[in-house]
Amino acid sequence: MMMLDPFSLADLEQAIACNQLDTYFQPKVDIASGRVVGVEALVRWNHPAKGLIKPNAFITMAEENGLIGDLTDLVCNKALEYATQLRSLGYDLNIAINISVDSLTNLEWPDRISSLLEQSGLEAPSISFEITESRLMEHLSVALDILSRLSLKRFNLSIDDFGTGYSSMEQLQRIPFSEFKIDRAFVHGAAREASARAILESSVLLAKKLDMKVVAEGVEDQEDWDLVAEIGCDQVQGYFVSRPLPFGNLVKWLDEQKSK
Ligand SMILES: [Mg+2]
C-alpha cells in the first residue's frame, strides 16, 4: 500500500499560525422531542493546495509535536465565535468541543477557557467538552484535576467514543461526566449484529445507572434510529440527521428544520 504524506509538521504549524483551520458542526437531536439540541464542533483544515483535511489526519501530529494546546485554543475560539453568532440568530444550542487529553495537563487552562467564555457572553452549562475514552483512561490521574476544575465551573463533560476504552465503573465514577457518547462501531448496524448490540445495550444501562445522558453516534439509517430509541438513548448524532456542515450550511439547515 502506498503511504500518503499529505503534509508536513511545518505545514501544520503554518496552518495554526495562519488560521487555515475552521470548525464544521454536526447537529445532535433529542430522540423524544425530535428537536435539535446541540452541535458538535469538528475541526477541518482548509489546506490551500490540498483541500479539506479531516482531523484524524493531523490531530495525532499535533499531539506528538506539542501543538495540541494551540490547536485546542484555536478550535475553542472558533467554536465560541460561531456559538455567539448562533445565539444572535436565535439558536440556543449546546456546543460540544473535542478536547485532547494532551491539553488536559495545563492547570491554567480551565481559567483561560472561562475568561474566553466570559468574553463571548455564553454560559458554561451550554458548553460540553468531549474527551475520548481510550486516551483518557491512559492519562486519568493527570486529567482528573483539570476535569474537576472544569466541572466546578459548570461546563459539561462528555466521554467520547464510549465502548472503545475499557473504562471500569470505578474510573467512570471518579470523573464528573454528565454524558456518554457511544461510538459508531456499536451503533450503526447494531440491529443486525448481536455483539455490537450487546455493547450498546450494556453501555446505555451503565450510563443510566450513573445518571448520565446517552448520545448515540453514527446513526445512519432508520433502523439505527429505531434501535437506539428502543434501547433508551437520549440523543442521536449521525448522517441520518446530518453530516458535519460548514457554519453557513448549518444555519441554513437549522432554518429548514424550523419550517418543517
Ligand atoms: Mg466527539
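## The core

Let's start in the middle of this predicted model. Its largest nonpolar core holds 65 residues, and the ones with the most contacts inside it are Ala79, Ile97, Val214 and Ala216. Helix α3 supplies the largest share of this core, with 9 residues.

Ile97 is a good residue to click on. Leaving aside residues up to four places away in sequence, Ile97 touches Ala41, Val75, Cys76, Ala79, Ile127, Phe129 and Glu130. Among these neighbours, Val75, Cys76 and Ala79 are buried residues of α3.

## The overall picture

Now step back to the whole chain. The protein is built from 10 helices and 10 strands. Its radius of gyration is 18 Å, close to the 18 Å that the globule rule gives for 260 residues, so the protein is as compact as a globular protein of that length. Along the principal axes, its C-alpha atoms fill a box of roughly 50 × 45 × 45 Å.

Of the 260 residues, 38% count as buried. Among contacts with a separation of 6 or more, 65% are between residues 24 or more positions apart.

## Helix α3

Helix α3 covers residues 68–88, which makes 21 residues. At 1.5 Å a residue, a helix of this length should span 30 Å, and the end C-alpha atoms of α3 are indeed 30 Å apart, so the expected and computed spans agree.

Which residues of α3 are buried? They are Ile68, Leu71, Thr72, Val75, Cys76, Ala79, Leu80, Tyr82, Ala83 and Leu86. Of these, Ala79 has already appeared as one of the residues with the most contacts inside the largest core. Just after the helix, Gly90 adopts a positive phi of about 95 degrees.

## Strands β7, β8 and β9

Next, follow three strands further along the chain. Strand β7 (residues 179–182) runs parallel to strand β8 (residues 213–216), and 4 bridges join them. One bridge pairs Glu179 with Lys213 in β8. Together with helix α8 (residues 194–209), these two strands make a right-handed β-α-β unit.

Strand β8 also pairs with strand β9 (residues 235–236), again in the parallel sense, over 2 bridges. Here the bridge partner of Ala216 is Val236 in β9. To get from β8 to β9, the chain passes through helix α9 (residues 222–231), and this β-α-β crossover is right-handed.

Strand β8 also leads back to where we began: β8 spans residues 213–216, and Val214 and Ala216 are among the residues with the most contacts inside the largest nonpolar core.

Technical notes:
Residues numbered from 1 in each chain as written. Predicted model: local features only at pLDDT ≥ 70, side-chain atom pairs only at ≥ 80, totals over all residues. Rg over C-alpha atoms; globule rule 2.2 N^0.38 Å. Buried ≥ 20, exposed ≤ 12 C-beta atoms within 10 Å, placed from the backbone. Contact = placed C-beta atoms within 7 Å. Expected span 1.5 Å × (residues − 1). Core = buried A, V, L, I, M, F, W, Y, C linked by C-beta atoms within 7 Å. Pairing = 2+ DSSP bridges. Right-handed = clockwise from strand over helix to strand, strands pointing away.
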